[in-house]
Amino acid sequence: MAQTVYVSPSILAADFLNLGAELDSVRNADFIHYDVMDGDFVPNISFGPGILRTVKRGTDLPVDVHMMVSNPDEVFKDYLDAGADILTFHLEAAKHAHRMVDEIHKRGRRASVAINPGTAVSSLDAIIDYLDMVLVMSVNPGFSGQRFIEHTYTQLNKLTTLCRSHSVRPMIEIDGGISPKNASQVVAAGANVLVGGSAVFDAPDHAQAVEDMRTCGMRGIDLRSRA
Ligand code: DX5
Ligand code: ZN
């Protein structure tokens with residue numbers, strides 16, 4: 001099976017004054033990562049479904065929406081209506097996870113569940129069979145530019161084992177503190193979608209930073225096959 005690494009730049013770290021140009025600068029990426037923060041589930045507020053509609057007009061890439069909200073069951077349809085292509089909700093906040101996944105699929109979109117660094121991978125056991133993607137947080141969510149938590153490697157290893165035991169292969173997205181420096185290691189541990197906030201938008205050349213993430217990530221695939 002062809003193994004690929006996808007790069008998803010997080011526009012939380014972009015220059016909002018020039019959002020159109022920022023989106024254009026990463027058109028060589030695979031997805032656009034859109035971080036929704038409600039000031040309750042996480043200690044920060046970002047943007048909602050209105051700006052998502054604007055972002056959809058500014059890119060041809062699929063938009064990967066990461067909802068960091070306390071009430072995903074109540075608001076997730078707003079993000080489907082606004083055009084989310086991949087929709088992630090946090091397991092810690094979900095009341096009826098399967099119901100949301102079903103609805104996301106009914107609307108022809110990809111469904112994903114996120115877990116915080118402090119959440120046990122085993123809590124995905126009841127839902128993993130139905131997911132297109134799992135998002136593993138490698139920082140406590142809320143801000144761009146935080147330091148990668150090393151325990152994430154253990155989380156990724158456990159998730160790879162869980163997926164194997166269920167004979168499923170969801171995409172595994174890793175989010176927080178990812179850069180060309182650790183891209184190959186997280187891919188070697190099982191990730192294949194790399195979110196890059198500050199590593200992409202703080203770099204002098206955004207497209208080059210996307211390419212560097214991808215190249216370094218692909219080295220991780222080689223490490224996997226040698227293991
Ligand atoms: C953190 C967000 C991330 C963030 C990543 O809560 O979910 O997507 O924008 O930013 P970096 O890559 O700078 O850690
Ligand atoms: Zn995110």
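**Stop 1: the zinc ion**

Start by selecting the zinc ion (ligand 2): its protein donors are His 33 (NE2), Asp 35 (OD), His 66 (ND1) and Asp 175 (OD), lying 2.1 to 2.3 Å from the metal. Keep in mind that this is a predicted model.

What is the geometry of the site of the zinc ion (ligand 2)? The site is octahedral, with 6 donor atoms and angles of 70 to 173 degrees among them. For six octahedral donors, the ideal angles are 90 or 180 degrees.

Now show the donors along the chain. Their spacing reads H-x1-D-x30-H-x108-D. Two of them link distant parts of the chain: Asp 35 sits in strand E2 (residues 32–37) and Asp 175 in strand E7 (residues 171–175), 140 residues apart.

Are Asp 35 and Asp 175 buried or exposed? Asp 35 counts as buried because its relative accessibility is 5%. Asp 175 has 8%, so Asp 175 counts as buried too.

**Stop 2: ligand 1**

Select ligand 1 next, and show what surrounds it. There are 19 residues around ligand 1, and Asp 35, Gly 142, Asp 175, Gly 177 and Ser 198 come nearest. Asp 35 and Asp 175 are familiar from the zinc ion (ligand 2), where both are donors.

Look at the oxygen atoms of ligand 1. Three places are worth a distance label:

- Gly 142: a backbone N or O atom lies 2.7 Å from an oxygen atom of ligand 1.
- Ser 144: a polar side-chain atom lies 2.9 Å from an oxygen atom of ligand 1.
- Ser 198: an N or O atom in the side chain is 2.6 Å from an oxygen atom of ligand 1.

How much of ligand 1 does the protein bury? Taken alone, ligand 1 exposes 380 Å², and the protein buries 100% of that.

**Stop 3: His 90 in strand E4**

Go to His 90, found in strand E4 (residues 86–90). His 90 counts as buried, because its relative accessibility is 1%. Show its contacts beyond four places in sequence. They are Phe 41, His 66, Met 67, Met 68, Ala 114, Ile 115, Asn 116, Met 137 and Pro 141. One of these, His 66, is also a donor of the zinc ion (ligand 2) through ND1.

**Stop 4: Val 63 in strand E3**

Select Val 63, in strand E3 (residues 63–68). Val 63 is buried, because its relative accessible area is 0%.

Which residues does Val 63 touch, not counting residues up to four places away in sequence? They are Ile 32, Tyr 34, Leu 52, Val 55, Lys 56, Ala 84, Asp 85 and Ile 86. Draw a C-alpha to C-alpha distance to Ala 84: Val 63 and Ala 84 are 5.7 Å apart in space and 21 residues apart in sequence.

**Stop 5: helix H3**

Move to helix H3 (residues 72–81) and pick Lys 77. Lys 77 is partly exposed, because its relative accessible area is 40%. Setting aside residues up to four places away in sequence, Lys 77 touches Glu 103 and Arg 107. The C-alpha atoms of Lys 77 and Leu 87 are separated by 9.8 Å, with their positions 10 residues apart along the chain.

Stay in helix H3 for Asp 78. Its relative accessibility is 35%, so Asp 78 counts as partly exposed. Label the C-alpha distance from Asp 78 to Pro 49. The separation is 6.3 Å, though the two are 29 residues apart along the chain.

**Stop 6: helix H6 and its cover**

Colour helix H6 (residues 180–188). Which residues of helix H6 are buried? Asn 182, Ala 183, Ser 184, Val 186 and Val 187 are. An α-helix has 3.6 residues a turn, so residues three or four places apart point the same way.

Now show what lies over these buried residues. The cover includes helix H5 (152–166), E7, strand E8 (193–196) and helix H8 (206–226). Strand E7 is also where Asp 175 sits.

Step past the end of H6. Gly 190 follows, with a positive phi near 130 degrees.

**Stop 7: the loop at Ser 167**

Finish in the loop between H5 and E7, and select Ser 167. Ser 167 counts as exposed, because its relative accessibility is 67%. Check the backbone here. Ser 167 is not a glycine, yet its phi is positive, about 55 degrees. Most residues other than glycine have a negative phi.

Terms used:
Residues numbered from 1 in each chain as written. Chains lettered and ligands numbered in written order. Predicted model: local features only at pLDDT ≥ 70, side-chain atom pairs only at ≥ 80, totals over all residues. Heavy atoms only, no water. Donors = N, O, S within 2.8 Å, 3.2 Å for Na, K, Ca; no water. Tetrahedral: all angles 85-135°; square planar, octahedral: opposite > 155°, others 65-115°. Helix = DSSP H or I, 4+ residues; strand = E, 2+ residues; numbered from the N terminus. Buried < 20%, exposed > 50% of the residue type's maximum accessible area, 1.4 Å probe, protein only. Contact = heavy atoms within 4.5 Å. Near = heavy atom within 4 Å. Polar contact = N/O pair within 3.5 Å; in protein donor to acceptor, adjacent residues only side chain to side chain. Areas by Shrake-Rupley, 256 points an atom, 1.4 Å probe, with all protein chains shown as cover.
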